[in-house]
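I opened the coordinates today to look up two things. One is a sheet and what packs on it, the other a metal site and its surroundings.

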Amino acid sequence: MDPLSQPRADIDRLDRELVRLLAERLEAVRAIGSAKGRDPSAPLRDEERERALFAAWARAAEEHGVSSYFAGRVLREVLNWSRRDQERFLEPMKQGGPRAVRVGYQGVPASYSDLAAQKHFATRDVARLERIGYRGFAAVADALEAGEIDYALLPIENTIAGSIDEVYDLLGARRMTIVGEEVWSVEHCLLGLPGASTEDLRVVRSHPVALMQCTRFLEGLVGVRSESFHDTAGAAEAVARDGDRHVAAIASEEAAREYGLVVLRRDVANQPTNITRFLLLARERESFDPRRPALTSLTFALNHRHGALLECLKVFEANELNLTKLESRPRPEAAWEYQFYVDFQGHLDEPRVAAALEGLRAHVNHLQVLGSYPRRAEEGLELAGRARVPLEVAEPPTAAGVPAPGTAADGAKPAPTTPAGAACPAQKVNPNLKLVTRREGQADTIVDVSGVAVGGTRFVLALGPCAVENRAQVLAAAEMVKRCGAALMRGGAFKPRTSPYAFQGLGFEGLAYLREAGRAYELPIVTEVLHPEDVERVAEQADVLQIGARNMQNFALLKEVGRARRPVLLKRGMSATIEELLLAAEYVLAGGNQRVILCERGIRTFETATRNTFDVSAIPVLKSRTHLPVLADPSHAAGRRDLVVALSLAAAAAGADGLIVECHPNPSEALCDKDQALAAADVAELVARLGPVVAAVGRTL
Ligand code: PEP
Ligand code: MN
């Protein structure tokens, strides 16, 4: 009889017994999980008990002559698994029921992403899981946005290779929210055809990052060439398909099983610890048990200004939030400016996190919460044996730790006063105006428009034609605008016209002319966007996105410009109250975009002597109620050229931060709003007469 057959039979029996015991243990774990789920006041983890378990195991192991180290590793794995399994009782999945949960990943079956997806959902309350591999990261994001899948699992960083830039950029650009994270301990293996040996090898295929992580092993294989593949499991699949024993792949052990290969060598990476962190993305936020330690991810953009990033980091410090990651990516629309990505420990619902967000808004151009989700990353370290059971130290922030809200974006600017220097009477504050309301002592927000500060001491002029009519007209207008010293140029490419037969604007062709004129004369351009679906394309060209009076309550449009990375000029609707204007601005800020400039442009009254009635009082009211800059548009208010200068002076005296005024190289031929367009001489008069008024309110032109 074969001397091995009896011990092998014993091992098989013991393994079956081990699995049965694990199942029995899991039953007990689930009984505890179910009790914790019913009692939300019960602590989720009992560190004391976990330590006692480890100690008891170590003792028992030693008594039996088993290494306590290896026994401890097994227990750690069992504990991890038990903890995760209990999560099903804390938040039963919304997609429970008969339909499969669909998760998309980049790669082919048994790629590391696929393995991480399987791991992630193994302990979630899912009836059935459907895993769908896609060719690239963007394709996974597309599928999620289109509703083809419920979740996307994308790798965000690796402990050796670092951040995955493409996924960071997708996070900033797409409508996805982070609902979870997963870690996968990567163990690269050399896989070959059954019967092959390392001596046979001529080619090793894998993803370039995996090849890079195994250079030391590969250098030892003399005469073997590396071949890049789009993913590790794909390389394994190709080795199996080609059936050439001279070719091997570097991939996971699971990939060997999936494609019928054998492991020729285990653990071939240079570094023993190689963990990839994945993000689970969904279309909607998901709530989870508040007892679970949380991570929150944000992205923000800053003006290029001395100390800007430090100001933001101080906000986290002041609120006692522990940053776990800071990453920066270039912003394609602004050279040498960066989009920052931050992860920190804490949940969006915690007061200290809310305080930090409020503090941050004063320093950023754009702020977007990417999600709050249960933390998993420490588990990766535990798996690698690098960390002890982590202890949660979550002390509540002290009152003194919360920063004074709204520290000035520009430290040089004095605290605001109403132009007359009078204090405003206390007003009832609408609790829905969370972000636009000026808090006590809060300084003015200065909006950066491609290098022009709107809301600072300089009184800003935005001049230009109502509409872009043709290339020559807009170039002549730009020359005129530049000559009078204006900071910005306006011009409508998309025109919201009361009559369908009136000139509707040149659209994107007009925008290209305006862009060209703006470039030629170094004038940032302001232009109206009418449709939510045009916002992204207009934002590529324009420096400011104007929301016209007729669209002030187009909420879909407001949400879209809230996502855009360009400042917004929000005009007051002709029948809108000041409160409604502020609520419209709140939409944009709540959407992430902090750069909003308000504009008073006249309202409908019974008076017919003017096109609209210029509501000069709106200016000081707005300046006291909100920290946002306020411009005035005397052109649309008056509708008559002869009144524009007078209304401009009134606006400046009332405390406006600047004006947006229509002018035309040849007003009598203007295709749009010709009666209110200033000619070159009128513009010269406007500038001359504004000088003393602007100086009187302590500003410069
Ligand atoms: C404009 O600025 O050309 C315009 C259409 O203004 P409003 O939306 O204020 O009417
Ligand atoms: Mn107009």
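**Entry 1: the sheet.** I am working from a predicted model. I began with an open sheet of four strands, which I traced in the order E13-E14-E12-E15. Its pairing is antiparallel. Next I looked at the edges. Strand E13 (323–331) and strand E15 (366–374) stand there. Each has a single partner strand, so one side of each is left without a neighbour in the sheet. I also looked up the twist: neighbouring strands are turned by 15° against each other on average, with direction ignored.

**Entry 2: one strand pair.** How many bridges join E13 to E14? I find eight, with E14 covering residues 334–345 and the two strands running antiparallel. For register, I noted that Glu-327 stands opposite Tyr-341 in E14.

**Entry 3: helices on the sheet.** Two helices caught my eye here. Helix H11 (residues 308–318) packs on the sheet and touches strand E12 (294–301), E13 and E14. The direction of H11 makes about 160° with that of E12. Helix H12 (residues 351–361) also packs on the sheet. I list its contacts as E12, E14 and E15. The direction of H12 makes about 160° with that of E15.

**Entry 4: the manganese ion.** I then turned to ligand 2. Which residues are the protein donors of this manganese ion? They are Cys-466 through SG, His-636 through NE2, Glu-662 through OE and Asp-673 through OD. The donors lie 2.1 to 2.4 Å from the ion. I wrote their spacing in sequence as C-x169-H-x25-E-x10-D. His-636 lies in helix H20 (residues 634–638), and Glu-662 lies in strand E25 (residues 658–662). The pair therefore ties together parts that are 26 residues apart in sequence.

**Entry 5: burial of two donors.** Are these two buried or exposed? His-636 has 8% relative accessibility, so I count His-636 as buried. Glu-662 is buried too, with a relative accessible area of 1%.

**Entry 6: ligand 1.** Last, I listed what surrounds ligand 1. The list includes Cys-466, His-636 and Glu-662, which I had already noted as donors of the manganese ion. Also among the surrounding residues are Glu-528, Gln-546, Gly-548, Ala-549, Arg-550 and Lys-571. Three basic side chains got a closer look. A polar side-chain atom of Arg-490 lies 2.7 Å from an oxygen atom of ligand 1. For Lys-495, I read 2.9 Å from a polar side-chain atom to an oxygen atom of ligand 1. Arg-601 places a polar side-chain atom 2.7 Å from an oxygen atom of ligand 1.

Methods
Residues numbered from 1 in each chain as written. Chains lettered and ligands numbered in written order. Predicted model: local features only at pLDDT ≥ 70, side-chain atom pairs only at ≥ 80, totals over all residues. Heavy atoms only, no water. Pairing = 2+ DSSP bridges. Axes fitted to C-alpha atoms, helices over the stretch in contact; angles between N-to-C directions. Contact = heavy atoms within 4.5 Å. Donors = N, O, S within 2.8 Å, 3.2 Å for Na, K, Ca; no water. Buried < 20%, exposed > 50% of the residue type's maximum accessible area, 1.4 Å probe, protein only. Near = heavy atom within 4 Å. Polar contact = N/O pair within 3.5 Å; in protein donor to acceptor, adjacent residues only side chain to side chain.
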